[in-house]
Amino acid sequence: MPHLPNTTKGRRTRTKLLEAARAVFARDGYVGATMSGVATEAGMSLGGLYRYFGDKEDLFSALIADTHDDLFRVSGATEHRIEDDPYQALLEANTGYLTHYYDNRDIMRTLVEAANVDPQFRQFWWQMRNRHIDRFTTVLRVKCGMDEVDGVDIRGMVEAVACMVEQSAYVWYAQEEMQAVPMPLEHAAQIVTRIWHCAFFAPES
């Protein structure tokens, strides 16, 4: 049965296995990755791998366990308050999100694939995105007094713009090798922030 190791050696081995899993999922994708492939990448026996992880789903769950919380945390850590300086607050939030997405683009690419074939990871992805949407909706309602924009419910607006950032990050970074010209993180943050800012804070005509 898989377990969380309680020895230093066991924790090192588990970390080594997760690093090998990350390499295999990035190379082979979620569907193509196998437990034997991870064991080979890690240089240990398949039986040894199963002592730490019960199956491929268990292994991938462990790999993405911290990504959700880290992505949520860095995209909410802003020095500026949105009610005082919305553009800078949005820029800081988007920079945090895109930077962390870029650093974990292999995991995020694999998560999108996994969400399309496995209900467990589809639910994980759904909860992950809704957590961001709910937070920003609450911020706009509480901090900025917004319930709608031009007659459109605020949550629907937030969801649409959040989808734009999520898909942009996927295209620019999860599928980075397909880009003819790389998208610099600073430029990416400025692009999506302009759209966010125009959607919610553009002056009324």
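**Figure 1. R135 and the ring of F72 in the predicted model.** R135 lies over the face of F72. The distance to the ring centre is 3.8 Å. Both residues also belong to the contact between helix 4 and helix 7: F72 on the helix 4 side, R135 on the helix 7 side.

**Figure 2. Packing of helix 4 against helix 7.** Helix 4 spans residues 56–74, and helix 7 spans residues 119–144. Their axes are 11 Å apart, at an angle of about 5°. Angles under 35 degrees count as roughly parallel, so helix 4 is roughly parallel to helix 7. Helix 4 contributes E57, F60, S61, I64, H68, D69, L71 and F72. Helix 7 contributes Q120, F121, F124, Q127, M128, R131, H132 and R135. By class, this contact holds seven nonpolar, five polar and four charged residues.

**Figure 3. Crossing of helix 1 and helix 4.** The two axes come within 10 Å. They cross at roughly 105°. Angles of 65 to 115 degrees count as roughly perpendicular, and helix 1 is therefore roughly perpendicular to helix 4. From helix 1, the residues in contact are R14, L18, A21, R22, F25, Y30 and V31. They meet K56, E57, L59, F60, A62 and L63 in helix 4. The class count is nine nonpolar, no polar and four charged residues.

**Figure 4. Aromatic rings around F25 and F60.** The model has 12 aromatic pairs. One of them joins F25 and F60, with ring centres 4.9 Å apart. Their planes stand at 55°, so the pair is tilted. F25 lies in helix 1 (residues 8–32) and F60 in helix 4, so the pair ties together parts that are 35 residues apart in sequence. Both F25 and F60 are buried. Ring pairs link these two residues with Y30 and F121 in a cluster. Within the helix contacts, F25 and Y30 appear on the helix 1 side facing helix 4, while F121 appears on the helix 7 side facing helix 4.

**Figure 5. R105 over the ring of Y102.** The charged end of R105 sits over this ring. Its distance from the ring centre is 3.9 Å.

**Figure 6. Surroundings of V74 in helix 4.** V74 has 18% relative accessibility and therefore counts as buried. Leaving aside neighbours within four places in sequence, V74 is in contact with G96, Y97 and H100. E159 is 85 residues from V74 in sequence. In space, V74 and E159 are 19 Å apart, C-alpha to C-alpha.

How values were computed
Residues numbered from 1 in each chain as written. Predicted model: local features only at pLDDT ≥ 70, side-chain atom pairs only at ≥ 80, totals over all residues. Heavy atoms only, no water. Axes fitted to C-alpha atoms, helices over the stretch in contact; angles between N-to-C directions. Helix = DSSP H or I, 4+ residues; strand = E, 2+ residues; numbered from the N terminus. Parallel < 35°, antiparallel > 145°, perpendicular 65-115°, else oblique. Contact = heavy atoms within 4.5 Å. Nonpolar A, V, L, I, M, F, W, Y, C, P; charged D, E, K, R; others polar. Phe/Tyr/Trp six-rings, centres within 6.5 Å; stacked < 30°, edge-to-face > 60°. Buried < 20%, exposed > 50% of the residue type's maximum accessible area, 1.4 Å probe, protein only. Lys NZ or Arg CZ within 6 Å of the ring centre and 35° of its normal.
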